[in-house]
Amino acid sequence: MTLPKNENVSPFLRWAGGKNWLIKYIDKFLPTSFNNYYELFVGGASIFTHLVNEKKICNKVFLSDKNVDLINTYASIRDNVEEVIYHLETFKNSKAFYYKLRAKTFIDKVQRAARFIYLNRTSFNGIYRENLKGEYNVPYGYKNYKCLFDYNNLRTFSEKLKDVNLYHRDFETFIENIKQNDLVFLDPPYTVAHSNNGFIKYNQQLFSIEDQERLANFLKKIKKRKAYFILTNASHRNIKNIFQEFDYKKIKRYSVVGGKNSKREKIEELIFFNTVAK
């Protein structure tokens, strides 16, 4: 991967369960060097962005997620950023416009991406949630922005994505691609609550206990291939049992995601790894 210029970039999506909080810890878990980089639940891409800014990535990058609209958005920013910006410039941050655009569907990939970015920016808490019909149903967020979109950051993000491989696939399908000394970062939707998590029922639909067990088996295969992994997960006895054979460290942080009546409290996260934590 060839890094353009020296300009840093920031994530352009608000993502419930995102890993901005992990950035100040992640370097402690990174191997001294690694070959290709995989981020298989990319979400808001906080860790990818950090690694790019710190020039930690020197080879191929593979970003994936099961959210097809998310991957389409990254692909559109990579390949057609000016077209995306053209549409974003016509959008208004108002309740009426929000619900009007939320009700629309687009076949064109660039228009879908612009809609996705807008709804993410102006919705409540940056949540991505669909009803049983597959329709985005998050309410308007009533957030006032001096600048609705940072177009220069979008352009820089596009440059950083130029040589990145993007996929809409299940994490297990990548095992044959992962080679010795590759690094795999995994941030699955948390299936179980820490102590109190207003979105837990929603998360269980996204990623079940059975999926967590598949993920533990996936880590075993990564180890056999002599590759590295870093996995984030909720601090919960069920998670500890499923991943009991792997090293982990606990990190305490303040919760930044919650429902209307949720408390903002200090919670504990688990970081599983087979690197040498510093």
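Contact here means heavy atoms within 4.5 Å. Helices (H or I, at least four residues) and strands (E, at least two) are DSSP runs, numbered from the N terminus.

The model is predicted: local features need pLDDT of at least 70, side-chain atom pairs count only at pLDDT 80 or more, and totals for chains, interfaces and linings use all residues. Residues are numbered from 1 along each chain as its sequence is written, and side-chain values use heavy atoms, with hydrogens and water left out.

Select first helix H4 (residues 95–102) and helix H5 (residues 109–122). Phe97, Tyr98, Leu101 and Arg102 of H4 meet Arg115, Tyr118, Leu119 and Thr122 of H5. By class, this contact has five nonpolar, one polar and two charged residues (nonpolar: Ala, Val, Leu, Ile, Met, Phe, Trp, Tyr, Cys and Pro; charged: Asp, Glu, Lys and Arg; polar: the others, Gly among them).

Turn next to the open sheet of seven strands, which has mixed pairing and the order S3-S2-S1-S4-S5-S7-S6. Two strands pair if DSSP finds at least two bridges between them. Strand S3 (165–167) and strand S6 (247–254) are the edge strands, each pairing on one side only.

Now select strand S1 (residues 37–39) and strand S4 (residues 183–186), which run parallel and are joined by three bridges. Tyr38 has Val184 in S4 as its bridge partner. Helix H2 (residues 46–53) packs on the sheet and touches S1, strand S2 (61–64) and S4; its direction makes about 155° with that of S1. Axes are lines fitted to C-alpha atoms, for helices over the stretch in contact, and angles run from 0 to 180 degrees between N-to-C directions.

Finish at helix H3 (residues 68–88), which lies across S2 and S3 and runs at about 155° to S3.
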